[in-house]
Amino acid sequence: MAHDCLFCKIAAGEIPSSKVYEDEDVLAFRDINPVAPVHVLVIPKQHLGSVADLRPEHTELLAKLFAAVQRVAAETGVAETGYRVVTNHGKDSGQQVLHLHLHVLGGRTLGPVA
Ligand code: 5GP
Ligand code: ZN
């Protein structure tokens with residue numbers, strides 16, 4: 001586990017979260033400060049800082065993350081109505097938590113992408 005990483009602690013169950021989906025490699029849980037009726041974070045259990053840390057050896061993990069996105073969409077009821085998947089990297093994006101996460105947003109009409 002990366003030292004003092006919030007999402008590593010959530011993945012390890014050391015900090016509670018409102019879990020939506022979990023498997024061996026991936027965890028999905030509700031954002032603590034939702035900006036849409038559905039706002040779920042999908043993370044790899046292994047520590048990666050952001051999308052910028054993805055390498056060819058993560059191909060399978062990346063597929064699992066997006067498979068989890070589909071499961072989350074189905075389980076939160078937005079698979080048909082639509083949803084947005086967002087990930088931040090670095091200062092200009094406003095990334096706050098330095099552990100790769102996909103925001104799954106839905107449940108209302110979303111504005112144009114920033
Ligand atoms: P970022 O800006 O890094 O892309 O997004 C980080 C997200 O993590 C934010 O939407 C924020 O609300 C969420 N977040 C921060 N701390 C916690 C926490 O302790 N639990 C949960 N469930 N979400 C958190
Ligand atoms: Zn981490």
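The following passage describes the surroundings of ligand 1 and the salt bridges of a predicted model.

Local features were accepted only at pLDDT of at least 70 and side-chain atom pairs at pLDDT 80 or more, whereas totals for chains, interfaces and linings use all residues of this predicted model. Residues are numbered from 1 along each chain as its sequence is written, chains are lettered from A and ligands numbered from 1 in the order in which they are written, and side-chain values use heavy atoms, without hydrogens and water.

Ligand 1 is surrounded by 16 residues, of which Asp-31, Asn-88, Gln-96, His-101 and His-103 come nearest; a residue counts as near if one of its heavy atoms lies within 4 Å. By class, this shell comprises seven nonpolar, seven polar and two charged residues. Helix H1 (6–11) and strand S2 (26–30) each contribute at least two residues to the shell, and H1 gives the most, with three.

Several N or O atoms of the protein approach the ligand within the 3.5 Å limit for a polar contact. An oxygen atom of ligand 1 lies 2.7 Å from a polar backbone atom of Gln-96, and an oxygen atom of the ligand is 2.8 Å from a side-chain N or O atom of His-103. A nitrogen atom of ligand 1 is 3.2 Å from a backbone N or O atom of Ile-32. The protein buries 85% of the 520 Å² that ligand 1 exposes when taken alone (Shrake-Rupley method, 1.4 Å probe).

Seven salt bridges were found in the whole structure, each a side-chain nitrogen of Lys or Arg within 4 Å of a carboxyl oxygen of Asp or Glu. One of them joins Glu-22 and Lys-45 at 2.7 Å, N to O.

Conventions. A polar contact is a pair of N or O atoms within 3.5 Å; within protein, one must be able to donate a hydrogen and the other to accept it, and residues adjacent in sequence count only if both atoms are side-chain atoms. Helices (H or I, at least four residues) and strands (E, at least two) are DSSP runs, numbered from the N terminus. Ala, Val, Leu, Ile, Met, Phe, Trp, Tyr, Cys and Pro count as nonpolar, Asp, Glu, Lys and Arg as charged, and the others, Gly among them, as polar.
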